[in-house]
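Visitor: Got a minute to walk me through this one? I'd like the fold first, then the details.

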Amino acid sequence: MSAHRRKTSRPVRRPRRRHRPRRIARTLLAAVCALAVTAAAGAWYVYRDLAAAIGSSKALEGAEKSEYGDTNVLLMGLDSRRDQDGEELPAEVLDKLHAGGSDIGGYNANTLILLHVPGDGSRAKAFSIPRDDFVDILPRLPPGGPAGQGKDKIKKAYGLAKAKEEERLSGQGVKDRRQLERAGREAGRKAQIETVRNFLGVPIDHFAELNLAGFHHLADALGGVPVCLKRPVRDPYSGADFPAGRQSLNGQQSLAFVRQRHGLEMGDLDRTKRQQAFLAGATQKLNSAGTFTGPVKLMKLIDAAKQDVVTDAGWDLLSFVKQAKNLSGGKVSFTTLPVERFGRNHGEDINVVDDMKIKRLIAEQIGPGASASVSAPSPGAGPSDAPGTSPEASSAASAGASSGASAEASSGAASTPSTGAGGSAPAIDGGGVPCVD
C-alpha cells in the first residue's frame, strides 16, 4: 500500500517545450541545405550533360581574344538539310521545313550575326552580315581555284573550305564518310570564322553553329517565338503565311519566317532583319517563359541544342546562359552592315561593300577592345572591284542599298508601317519585339 502511494505521489515530468523552436530551426536549416545541395547537383548534372552532348569544335584554338572582359560571339546559321554527321534529315522533317531536298543549299552560312557583349554590362550589340557580301575568302585559295581570285560571297567560305579539305583527305586515301564530314566541317568553321574576323577586324571569342532544323527545334522547345509583322505576308517558296501584328510562331512557322525573301522589297536584306527579329523574340522568350528556372523547359531546350548546335570547345555555356538572361527586353541593338551597291560576279548577284568603312563602323560601335589582326586586302581592292560586275546593275541598285542595309533596330522597339497612300496606318505594337516587313 505504501509502495503504491509512493508510486502515485511521484511528480510527472512534462517535456520541455522551450527547445522546440531550436529543433524546428535545425530541421529547416538541414532541409534548406539538402535542397541547395540537390539543386546544385542537379544544375551541375544538367550542365555536364549539355557540355558532353553538344557538338564541340576546335576551330578557335589559339585565336586572339577580346580585351576588357568583352565577348564576341559569331552566330552561324547553315543552309544545310543534313544533320551533324552529314546524314539526310528524315523526309517528314524536310517536309515540315518546307526547304526542299537534302542536296539544296549545300553548306552556305546564310545567317551570320556577330553578337558583342560588353564586359562592363552595358547594352549588347548584334551586327548582321548580309550573306552575299563580296569579300576576301580565307584561307586564300590559289587563283583559278573554286574561289576565283580569293574573293567571293562571304557565305561560301564554309562550303569552299569543307570541299577542299574533303578532297585533300580523299586524295590521302581516307574513305570513311563520317570522318570526311567531320574534318570537312571543322575546316569550314575555321575558314568562316577567319573570313568574318578579317572582314570585321575584330576577335571572335566564341561561335555557335545551327542548321536549318535548329530553328525549328529551338522554337518548339521554347513553346513558340514571338515576332511582329508590319503587314500580312504570303510566300509559297518559304511557306510563310502570316497576318500583320504580333504573333507566336511554332517551329515550322519560325523557319518560314526567317527564310522568306520573295515578296520583300529588299529581298535578302529584309530577310536579314527577319533573322534579327527572330533572335530578339527568342531571347525575350528565354527570359520571360521561366526557361532558366523551369526544369522541363530547360531540358527541352538542352535536347534541342544536342541535336542541332555546335560550339567551340571550352565555352562556359552555363555562365553565358545566365548572361543571356540580360539580353532581352530591348537590351540588344541590331544593325545590318551597309552595302554600297549590288552587282554581278560570274553570273551571280553580289553585294559590293567597302571593307574599311565596315571596319571603322565596327570599331566605333564596339570600342577600344575591337581591334584584331587582319590580312592585307587584295591589291587594288575596293568597293567597285568586283570581277564581272555590271555597271548598270550596280548603279541602278546603289541608291537604296547602303542606307537601307545599315538601319538599326532595337529589340524593344515597335515600328510603324506606312500606308503608301499619303497617310499613316495605326502603329502596330510589337510588345517588346521589333516589327519587320
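Guide: We'll go from overall make-up to the cores, then a few elements in turn. Keep in mind that this is a predicted model.

Visitor: Fine. How many helices and strands are in the protein?

Guide: Twelve helices and 17 strands.

Visitor: And what share of the residues is buried?

Guide: Buried residues make up 48% of the 437 in the protein. The exposed surface comes to about 21800 Å². Carbon and sulfur atoms supply 54% of that area.

Visitor: What about contacts between residues 24 or more positions apart?

Guide: They account for 73% of the contacts with a separation of 6 or more.

Visitor: Next, the inside. Which residues touch the most other members in the largest nonpolar core?

Guide: Leu115, Val225, Phe242 and Phe257, in a core of 40 residues. Helix α8, residues 268-288, gives the largest share of this core, with five residues. Another core lies apart from it and has 31 residues. Met76, Leu78, Ala157 and Ile366 are among the members of that other core.

Visitor: Val225 caught my eye. Where does strand β8 sit, enclosed or open?

Guide: Strand β8 covers residues 225-229, and five of the five are buried, so it is largely enclosed by the rest of the structure. Both faces are covered. Val225, Val227 and Leu229 are on one side. Pro226 and Cys228 are on the other.

Visitor: Which strands pair with β8?

Guide: Strand β11, residues 245-249, pairs with β8 in the antiparallel sense over five bridges. There, Gln247 is the bridge partner of Val227. Strand β17, residues 435-436, pairs with β8 in the parallel sense over two bridges. In β17, Val436 is the bridge partner of Leu229.

Visitor: You listed Cys228. What does a disulfide join it to?

Guide: Cys435, with an S to S distance of 2.0 Å. The count for the model is one disulfide. The angle about the S-S bond is 70°, and the link of Cys228 and Cys435 is right-handed.

Visitor: Why does the pair tie together parts that are far along the chain from each other, 207 residues apart in sequence?

Guide: Because Cys228 lies in strand β8 and Cys435 lies in strand β17.

Visitor: Are those two cysteines buried or exposed?

Guide: Cys228 is buried, with a relative accessible area of 0%. Cys435 is buried too, with a value of 3%. The cut-off for buried is under 20%.

Visitor: Switching to helices. What's the span of α4?

Guide: Helix α4, residues 157-171, reaches 21 Å from its first C-alpha to its last. That is close to the 21 Å expected for its 15 residues at 1.5 Å a residue.

Visitor: Which of the α4 residues are buried?

Guide: Ala157, Tyr158, Leu160, Ala161, Lys162, Glu165, Glu166 and Leu169. Ala157 also belongs to the 31-residue core.

Visitor: What do they pack against?

Guide: The buried residues of α4 pack against β2 (71-78), β6 (151-153), α5 (177-200) and β7 (206-210). Gly173 follows the helix, and its phi is positive, near 100°.

Visitor: How covered is α6?

Guide: Mostly covered. Helix α6 takes in residues 212-221, and seven of its ten residues are buried. Among them are Leu212, Phe215 and His216.

Visitor: And just after α6, which residue has a positive phi?

Guide: Gly223, at about 75°.

How values were computed
Residues are numbered from 1 along each chain as its sequence is written. This is a predicted model: local features need pLDDT of at least 70, side-chain atom pairs count only at pLDDT 80 or more; totals for chains, interfaces and linings use all residues. Side-chain values use heavy atoms; hydrogens and water are left out. A nonpolar core is a set of buried Ala, Val, Leu, Ile, Met, Phe, Trp, Tyr and Cys residues joined through side-chain atoms within 4.5 Å. Buried means under 20% relative accessible area, exposed over 50%, partly exposed in between (1.4 Å probe, protein chains only). Helices (H or I, at least four residues) and strands (E, at least two) are DSSP runs, numbered from the N terminus. The expected span of a helix is 1.5 Å times one less than its number of residues. Contact means heavy atoms within 4.5 Å. Two strands pair if DSSP finds at least two bridges between them. A disulfide is a pair of cysteine sulfur atoms within 2.5 Å. Accessible areas come from the Shrake-Rupley method with a 1.4 Å probe; for residues, only the protein chains shown count as cover.
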